[in-house]
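User: I am new to this structure and would like to learn how to read a few of its features. Could you take me through them step by step?

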Amino acid sequence: MKFFISYILEFLAFFANFIALSVFCLKISTGFRYRLLCAYYLLASALIAKTLLDITVNNAHLYSILYVITGLSVSYYFYDLFTSAGKRLLAIAVGLCTLAYYLLSLQNKDIIFDSVGYALTSVGIVFLIFLYLHQLFSNITEEPLTNNFDFWFVCSQLIYHLGSFVIFLTYHRLIEKIMEGDYSSENRAILTYLWGIHNVLLFLGSLLTASGLIWILSRRKSQLS
């Protein structure tokens with residue numbers, strides 16, 4: 001179970017999101033932002049699958065690629081979702097900040113896992129989420145929010161990124177101790193435990209996205225019958 005939660009669950013979460021977004025594109029909307037998310041989750045699934053081929057190898061570079069494509073893909077998603085020019089500029093800024101940090105971090109050859117990059121990505125996405133919620137609640141319509149797939153997806157992102165931000169900050173401190181030579185069994189156990197919580201949050205987010213899709217499809221089917 002420990003191995004499943006710490007390793008396999010992460011792949012399942014990304015792949016579940018890919019399946020949900022693919023079904024959404026096939027059944028409901030082929031908008032570019034959704035197709036981009038499909039491509040992102042497919043690529044993320046492939047990267048995580050590659051890390052599973054040999055978990056004893058340092059795959060920090062693959063995880064660094066993962067956070068930068070996460071930042072760029074989700075930033076574009078919000079850019080397309082926003083209706084005001086100001087919010088769109090902020091979405092561009094968040095994506096560029098993620099990319100700039102990644103390019104600067106390439107100079108650090110000794111990095112074990114770029115927890116700072118993940119934390120910056122998560123805080124940027126949480127910022128965009130609250131901008132979207134402000135836009136959403138400033139333009140209330142008669143349509144229930146539960147019929148809005150974007151609402152479901154954004155809530156799933158909020159669950160994951162808000163929780164993972166705290167995890168990555170703690171991760172950063174532990175990694176600093178390891179780089180200082182304190183690679184004790186206690187620190188290793190905490191790292192594994194934290195990553196397990198991270199994967200659970202990621203999987204819960206994917207379940208929320210899938211639940212939203214099922215709800216919307218069921219509502220559409222009931223309206224047609």
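Analyst: Let us begin with a single residue, bearing in mind that the model is predicted. Tyr-76 has a relative accessibility of 28%, and because buried means under 20% and exposed over 50%, Tyr-76 counts as partly exposed.

User: What is the relative accessibility of Tyr-79, and how is Tyr-79 placed with respect to Tyr-76 in helix α3?

Analyst: Tyr-79 is partly exposed, with a relative accessibility of 27%. Both Tyr-76 and Tyr-79 belong to helix α3, where three residues, or about one turn of the helix, set them apart.

User: How many aromatic pairs are there by the distance rule for ring centres, and how is the pair of Tyr-76 and Tyr-79 to be read?

Analyst: In general, a pair of aromatic rings is described by how far apart the centres are and by the angle between the planes. Here the count comes to 24 aromatic pairs. In the pair of Tyr-76 and Tyr-79 the ring centres are 5.9 Å apart and the planes stand at 35 degrees, so this pair is tilted.

User: Which class does the pair of Phe-113 and Tyr-118 fall into?

Analyst: The ring centres of Phe-113 and Tyr-118 are 5.1 Å apart with the planes at 20 degrees, and because planes under 30 degrees apart count as stacked, that is the class of this pair. Phe-113 is buried, at a relative accessible area of 10%, and Tyr-118 is likewise buried, at 7% relative accessibility.

User: What sits over the ring of Tyr-79?

Analyst: It is the charged end of Arg-88, which lies 4.8 Å from the centre of the Tyr-79 ring. Elsewhere, one aromatic cluster is formed by residues including Phe-14, Tyr-40, Tyr-77 and Phe-153.

User: At what angle do helices α2 and α3 pack?

Analyst: The general idea is that two packed helices are described by the angle between their axes together with the distance between those axes. Helix α2, residues 32–53, packs against helix α3, residues 60–81, at about 170 degrees, and their axes are 10 Å apart. Because angles over 145 degrees count as roughly antiparallel, that is how α2 runs relative to α3. Among the residues making the contact are Phe-32, Tyr-40 and Leu-47 of α2 and Leu-62, Tyr-76 and Asp-80 of α3. By class, this contact has 17 nonpolar, three polar and three charged residues.

User: Finally, where is Glu-142, and is Glu-142 buried or exposed?

Analyst: Glu-142 is found in the loop between α5 and α6, and Glu-142 is exposed, at a relative accessible area of 83%. Its C-alpha atom is separated by 33 Å from that of Phe-14, which is 128 residues away along the chain.

Methods. Residues numbered from 1 in each chain as written. Predicted model: local features only at pLDDT ≥ 70, side-chain atom pairs only at ≥ 80, totals over all residues. Heavy atoms only, no water. Axes fitted to C-alpha atoms, helices over the stretch in contact; angles between N-to-C directions. Helix = DSSP H or I, 4+ residues; strand = E, 2+ residues; numbered from the N terminus. Parallel < 35°, antiparallel > 145°, perpendicular 65-115°, else oblique. Contact = heavy atoms within 4.5 Å. Nonpolar A, V, L, I, M, F, W, Y, C, P; charged D, E, K, R; others polar. Phe/Tyr/Trp six-rings, centres within 6.5 Å; stacked < 30°, edge-to-face > 60°. Buried < 20%, exposed > 50% of the residue type's maximum accessible area, 1.4 Å probe, protein only. Lys NZ or Arg CZ within 6 Å of the ring centre and 35° of its normal.
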